[in-house]
Amino acid sequence: LCGAEGGGGGGQGLSEAGDHRSSRRRQMKVEYDKDEVVSPVKTEQWEPLDWRKQLGLIHEMRSGRDAPVDNMGAEKCYDTEAPAHVKRFQVLVSLMLSSQTKDQVTAAAMQKLRAHGCTVENILNTDDETLGKLIYPVGFWRNKVKYLKLTSAMLRNEFGGDIPNSVEGLVHLPGVGPKMAHLAMSIAWDQVSGIGVDTHVHRISNRLGWLRKPTKSPEETRKALEEWLPRELWRETNWLLVGFGQQVCLPVNPLCSVCLNQHSCPSAHKNSPTKRPKAGLPRSPSPVSTWKIKTEPGNKSAVKDEMTNEGGAVPTPVSPTKQRRRRKTKVNG
């Protein structure tokens, strides 16, 4: 009995000890929550691997500034002698016309519009048929005639003939999207509001792996790029990648064999032509070489890609098949 009582007493003691330890644990938790200062967990901002090196090499490949966007982009399509508000309007018009249209075609349309009189009042006073003939053959020219008329009316009635000085105001204009708005802010108002992302920037950013995960639209790409790309680089991103996309990183059959980033780009050679480059094109240009990328209008695609290396003559590449034939000829001879 005593043993039982002792056992019972022992059991009671264990219970009390357990309760005491449980109480201590609870107190420690409460004291920790109240008194301890918990530093927030620091998460490093994501950025793509080797992006600075890749960007530097793209700068080198674009050093000639001779892509269509350099000579015929929105920055080159307005009348430099016009009043400031007319210049801004012409910048916006050239951006509206450039959608789904090559820079060469946009520049030609802007030249005709400026000769006709590219001002808000002149656009409103021009009938749709005449306006269509002036901007033809830009992509979706019939829709753009309507957008130009509607936008011009809004600018006259709501903004005193000038264009809005905010992204929010610009995207409310008919036919104006986020890409056009950010570029208009940069070119017309000299303000960096965001990255102008078109199909070239969208395509190249995904190919280089500059996005945390693949994106399906230019607007998704813009938001993803702005999360990590330093703001001081936002202004140059559009012209830099657009020209690179026009000359090297083409939509179809990109010229990976002559791209300085071919060894670090995760998409290199996946969509490249199976045939070798034309005679005279360097297979792997040296990063220290000076090169130019020439574009010549006039052919069916309006862009002819030709790479030249100023460091000296480049031997004509010989295919493995020809090499084997030459060796076989020598042996038989």
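How much space lies in the second largest cavity? The legends below take that cavity as their starting point and then visit the other close-ups of this predicted model.

**Figure 1. The second largest cavity, between two domains.** Here is the answer to the opening question: about 60 Å³ of space lies in this cavity. Its lining is made up of His182, Leu183, Ser186, Gln191, Val192, Ser193, Gly194, Gly196, Trp234, Arg235 and Asn238. At least two of the lining residues come from α10 and at least two from α13 (234-247). By type, the lining has 3 nonpolar, 7 polar and 1 charged residues. Because domain 1 (47-64 + 194-267) and domain 2 (77-193) both contribute to the lining, the cavity lies between them.

**Figure 2. The largest cavity and its cysteines.** The structure holds 3 cavities of 30 Å³ or more, and the largest of them contains about 140 Å³ of space. Its lining counts 16 residues, and if you look for those closest to the centre, you will find Cys249, Pro254, Cys256, Cys259 and Cys265. Helix α11 (residues 199-208) gives the largest share of this lining, with 3 residues. The lining splits into 11 nonpolar, 4 polar and 1 charged residues.

**Figure 3. The largest pocket, lined by both domains.** This pocket has a volume of about 1,100 Å³. Among its 44 lining residues, Asp103, Asp198, His200, Val242 and Gln246 are the closest to the centre. Two or more lining residues come from each of α3 (68-72), α4, α5, α10, α11, α12 (218-226) and α13. Domain 1 (47-64 + 194-267) and domain 2 (77-193) each supply at least three residues of the lining. The mix of residue types is 18 nonpolar, 16 polar and 10 charged.

**Figure 4. The largest nonpolar core.** This core has 34 residues, and Leu97, Leu113 and Leu170 are the members that touch the most others. Two or more core residues come from each of α4 (84-98), α5 (103-116), α6 (120-125), α7 (128-135), α8 (141-158), α9 (167-171) and α10 (178-187). Helix α4 gives the largest share, 7 residues.

**Figure 5. Around Leu97, with a word on a second core.** Leaving aside residues up to four places away in sequence, Leu97 touches Thr106, Ala109, Met110, Leu113, Ile135, Val138, Lys144 and Leu148. Elsewhere, there is a second, separate core of 31 residues, with Ala224, Leu225, Cys249 and Leu260 among them. You have already met Cys249 as one of the residues closest to the centre of the largest cavity.

Technical notes:
Residues numbered from 1 in each chain as written. Predicted model: local features only at pLDDT ≥ 70, side-chain atom pairs only at ≥ 80, totals over all residues. Heavy atoms only, no water. Core = buried A, V, L, I, M, F, W, Y, C linked by side-chain atoms within 4.5 Å. Buried < 20%, exposed > 50% of the residue type's maximum accessible area, 1.4 Å probe, protein only. Helix = DSSP H or I, 4+ residues; strand = E, 2+ residues; numbered from the N terminus. Contact = heavy atoms within 4.5 Å. 1 Å grid on protein atoms, 1.4 Å probe; cavity = no way out; pocket = protein on both sides within 12 Å on 5 of 7 lines; lining within 4 Å. Points joined across faces, edges and corners; volume = space filled by probe spheres on them. Nonpolar A, V, L, I, M, F, W, Y, C, P; charged D, E, K, R; others polar. Domains from an automatic or database assignment.
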